[in-house]
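I opened a fresh page for this protein today. Here is what I looked up, in the order I went through it.

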Amino acid sequence: MEETKPKTIEDVETVDVYTAQGFLSTGHRYLDVRTNEEFAKSHVEDALNIPYMFQTDEGRVINPDFLPQVASVCKKDEHMIVACNAGGRGSRACVDLLNAGYEHVANMGGGYSAWVDAGFAGDKSPEDLKIACKFRPKEN
C-alpha cells in the first residue's frame with residue numbers, strides 16, 4: 001500500500017480575488033482565517049471566521065483548535081476559499097486542511113487586502129477596512 005505524502009505549500013491552489021469572487025457566487029464557502037479583531041473590522045459577506053493563528057505575548061501561535069473548529073462547520077468535500085490578510089496564513093491553513101482530508105480548498109492570493117484593493121468591499125476607503133498585518137514585520 002502506497003503511503004500518502006503530506007501536503008506542502010506547493011500543493012496549495014492559489015486563486016486571485018476575481019476568481020475567488022466568481023467561486024463564491026457559485027456556492028463556495030469563504031473561510032476567513034484572520035484574527036477575530038481583523039474580522040470584526042471588515043470581512044467578506046457571509047464569511048466564516050476561524051482564526052488560524054493568535055497573537056500572544058510570546059509571539060504568534062497556531063490555533064490548536066483550528067481543525068476541530070473547521071470540522072464543526074465545514075464538510076471535507078465542501079468547496080472553500082481560504083483567506084487571511086495578505087495570503088500567508090491562508091496558504092498555511094490550506095496545507096493543514098489538505099492534510100486533514102479537505103478536498104477542495106484554495107487560498108485567495110493577496111488575502112482580504114487584495115479583496116479590498118479590488119473594490120469588492122464597498123464604499124469605505126481601504127484604510128477604514130484593512131488592518132496592518134500583525135504577523136509580518138513592519139517595514140521602515
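**Notes on helix 4 and the core**

I started just past helix 4, where Gly101 follows with a positive phi near 100°. I keep in mind that this is a predicted model.

Next I stepped back for the overall layout. I found six helices and seven strands, and from the N terminus on they run β-α-β-α-β-β-β-α-β-α-β-α-α. The protein has 140 residues, and 40% of them count as buried. I also checked the contacts with a separation of 6 or more: 66% of them join residues 24 or more positions apart.

Then I returned to helix 4, residues 88–99. Its twelve residues reach 17 Å from first C-alpha to last, close to the expected 16 Å. Which residues of helix 4 are buried? I listed Arg89, Gly90, Ser91, Ala93, Cys94, Val95, Leu97 and Leu98. Their cover includes strand 2, helix 2, strand 4, helix 3, strand 6 and strand 7.

After that I looked at the largest nonpolar core, which has 20 residues. Leu31, Val33, Phe66, Val70, Val82, Leu97 and Val105 touch the most other members. Helix 3, strand 6 and helix 4 each supply at least two residues of this core, and helix 4 gives the most, with five.

I picked Val82 for a closer look. Leaving aside neighbours within four places in sequence, Val82 is in contact with residues including Leu31, Val33, Gly90, Ala93, Cys94, Leu97 and Val105. Last, I noted another core lying apart from the largest one; this other core has 14 residues, among them Phe39, Val44, Tyr112 and Val116.

Methods
Residues are numbered from 1 along each chain as its sequence is written. This is a predicted model: local features need pLDDT of at least 70, side-chain atom pairs count only at pLDDT 80 or more; totals for chains, interfaces and linings use all residues. Side-chain values use heavy atoms; hydrogens and water are left out. Helices (H or I, at least four residues) and strands (E, at least two) are DSSP runs, numbered from the N terminus. The expected span of a helix is 1.5 Å times one less than its number of residues. Buried means under 20% relative accessible area, exposed over 50%, partly exposed in between (1.4 Å probe, protein chains only). Contact means heavy atoms within 4.5 Å. A nonpolar core is a set of buried Ala, Val, Leu, Ile, Met, Phe, Trp, Tyr and Cys residues joined through side-chain atoms within 4.5 Å.
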